[in-house]
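Thanks for coming. I will walk through a few parts of one structure, slowly, and take them one at a time. Please have the display open in front of you.

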Amino acid sequence: MRNKNVCLSPAKCLIISLLVLFFASGAYAAQLFHTIQVSSFTNVDSAQKQFASIMKKLDEKDLDHLRIEKIGKFFAVRIGKFDNGNSAQETLKTIKSQLPQASIMTAYIKEERIVRIFTLKPAAQEIPEQEKMPLQKEPEQIKPSVAVKTDNMTMPDLGRTATAEKPDIQTGPRDLKEILPEIAGLVGQGDFDNALDTIKKEIALRPGLAELNAWYGMVLLKMDKPLDALPYLTRAVELSPGISDYHNALGYSLFFLNRFDRAIDEF
């Protein structure tokens with residue numbers, strides 16, 4: 001089953017035709033981001049005019065990483081640099097009424113391709129008065145140690161008391177509303193190993209969730225392992241064929257494996 005919204009308009013078909021240019025010369029070693037594609041032009045003047053128009057239309061908070069990128073012979077106008085699809089979706093909802101042709105895609109953001117860019121400057125944070133002077137701390141109470149037995153040694157555990165109760169151990173799966181932002185945060189920090197460890201624990205409990213399969217595949221893709229990513233992204237598409245991000249990521253893994261015909265189908 002294919003996403004019926006894929007490549008129905010000339011603009012979307014043009015985007016797909018440009019994807020080959022995005023990843024030349026082993027480019028998949030760079031990091032993929034979600035971004036919002038507004039349109040593309042064959043000349044820079046038209047792109048500059050739309051850039052200026054968008055600056056006037058949108059609130060400043062929605063303009064972060066508004067840019068013009070030179071991709072092959074085309075000049076693409078894009079907004080945002082998001083580590084996950086949820087953030088991109090929220091921004092798209094906000095700007096869709098002003099830019100109805102905008103759509104989400106994943107791509108590499110390379111400085112050498114940027115013709116013009118607008119980024120928000122982080123607001124200066126004032127240090128509260130009580131934090132400017134060092135605070136005197138209460139002397140720490142030393143808790144009586146309890147021997148903790150490991151496989152081959154016994155060592156003191158300074159974090160317990162003799163009467164401490166064992167904490168409850170959660171054996172069931174965690175709430176997705178908790179786990180997905182945690183995974184996204186780790187990926188955003190470039191901590192792919194810990195992100196994979198977290199996903200492995202959850203996907204072992206819920207192997208049939210498209211979200212976990214998609215994240216597993218996309219993290220592997222960011223680690224330059226398109227072959228390992230392929231089965232997870234394929235599974236995500238099978239479970240949720242209507243999610244364009246899953247088709248997009250699967251297309252990238254196929255492209256990096258030189259399976260161009262199948263990649264084009266997914267794009």
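**One strand, then some rings**

Let us start with threonine 35, which lies in strand S1, residues 32-41. Before going on, note that this is a predicted model, and every value I quote is computed from it.

Is threonine 35 buried or exposed? Its relative accessible area is 1%, and the cut-off for buried is under 20%, so threonine 35 counts as buried. Which residues does threonine 35 touch, leaving out those up to four places away in sequence? They are Arg67, Arg78, Ile79, Gly80, Phe82, Ser103, Ile104 and Met105. With arginine 67 there is also a polar contact between the side chains, at 2.8 Å.

Now the strand as a whole. Nine of the 10 residues of S1 are buried, so S1 is largely enclosed by the rest of the structure.

Which strands does S1 pair with? One is S4, residues 103-108, paired with S1 in the antiparallel sense over six bridges. Within that pairing, phenylalanine 33 has alanine 107 as its bridge partner in S4. Another is S3, residues 74-82, where the pairing with S1 is antiparallel and runs over six bridges. There, glutamine 37 is matched with arginine 78 of S3.

Phenylalanine 33 comes up once more, because lysine 222 lies over the face of its ring, 5.8 Å from the ring centre. A similar entry is lysine 70, placed over the face of phenylalanine 75 at 5.4 Å from the ring centre.

Next, rings with rings. How many aromatic pairs does a search of the whole structure find? The count is four. Take tyrosine 252 and phenylalanine 267: their ring centres are 5.3 Å apart and their planes meet at 55°, so this pair is tilted. The two residues come from distant parts of the chain, 15 residues apart, with tyrosine 252 in helix H9 (residues 244-256) and phenylalanine 267 in the segment after helix H10 (260-266). Tyrosine 252 is buried at 1% relative accessibility, and phenylalanine 267 is buried at 11%.

Phenylalanine 255 and phenylalanine 256 make an aromatic pair as well, this one edge-to-face, with 6.0 Å from centre to centre and 75° between the planes. Both of these phenylalanines are buried. Which residues do ring pairs link into a cluster? Phe255, Phe256 and Phe260.

That is where I stop.

Note on methods:
Residues numbered from 1 in each chain as written. Predicted model: local features only at pLDDT ≥ 70, side-chain atom pairs only at ≥ 80, totals over all residues. Heavy atoms only, no water. Helix = DSSP H or I, 4+ residues; strand = E, 2+ residues; numbered from the N terminus. Buried < 20%, exposed > 50% of the residue type's maximum accessible area, 1.4 Å probe, protein only. Polar contact = N/O pair within 3.5 Å; in protein donor to acceptor, adjacent residues only side chain to side chain. Contact = heavy atoms within 4.5 Å. Pairing = 2+ DSSP bridges. Phe/Tyr/Trp six-rings, centres within 6.5 Å; stacked < 30°, edge-to-face > 60°. Lys NZ or Arg CZ within 6 Å of the ring centre and 35° of its normal.
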